[in-house]
Amino acid sequence: MALVERFNEAAEHVKNLTKRPEDEELLELYALYKQGNFGDNNTAKPGILDIKGRHKWEAWEKLKGTSKDTAMEKYIAIVKKLIDKYS
C-alpha cells in the first residue's frame, strides 16, 4: 500500500477512537496531518485571542522543514499507538 493511502487510512481510523486523546496528542496529530498534506506552514499566526488557533499554528510551525513523507510516516505511527491506547 502506498504511503498516501496508509496516511489517509490512518486519518480515517483516528476518527473512530472510543476515547478522546489528550490535548498534546491531538496537537501532534493535527500538526503532522497538516505537514503531511500541505508541507510547511505558510499561514498567518492567529490573533492573541484565538488561543486554540495559536496552539495549532505553533504545533504545525514547529514541523517546518519536515518532509511530507516523514510527517506522514510519523502520523501513521502515532495513530497506531493511539488506537492501542484509546480503542
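Here is a short tour of the two largest pockets in this structure. The model is a predicted one, so please read the pockets with that in mind. The largest pocket holds about 390 Å³ of space, and the second largest holds about 240 Å³. Helix H2 is the one to keep an eye on: H2 gives the most to the lining of the largest pocket, and H2 also gives the most to the lining of the second largest pocket.

**The largest pocket**

- A set of 15 residues lines this pocket, and those closest to its centre are Leu 26, Leu 27, Leu 29, Tyr 30 and Lys 56.
- Three helices each give two or more residues to the lining: H1 (3-14), H2 (23-38) and H3 (51-61).
- From H2 come 6 of the lining residues.
- By chemistry, the lining of the largest pocket has 10 nonpolar residues, 4 charged ones and 1 polar one.

**The second largest pocket**

- On the walls of this pocket you will find Glu 24, Leu 27, Glu 28, Ala 31, Leu 32, His 55, Glu 58, Ala 59, Lys 62, Leu 63 and Lys 74.
- The elements that supply two or more residues to this lining are H2 and H3.
- H2 supplies 5 residues here.
- Nonpolar and charged residues number 5 each in the lining of the second largest pocket, alongside 1 polar residue.

**A residue to look up in both**

- Leu 27 is among the residues closest to the centre of the largest pocket, and Leu 27 also lines the second largest pocket.

Terms used. Residues numbered from 1 in each chain as written. Predicted model: local features only at pLDDT ≥ 70, side-chain atom pairs only at ≥ 80, totals over all residues. Heavy atoms only, no water. 1 Å grid on protein atoms, 1.4 Å probe; cavity = no way out; pocket = protein on both sides within 12 Å on 5 of 7 lines; lining within 4 Å. Points joined across faces, edges and corners; volume = space filled by probe spheres on them. Helix = DSSP H or I, 4+ residues; strand = E, 2+ residues; numbered from the N terminus. Nonpolar A, V, L, I, M, F, W, Y, C, P; charged D, E, K, R; others polar.
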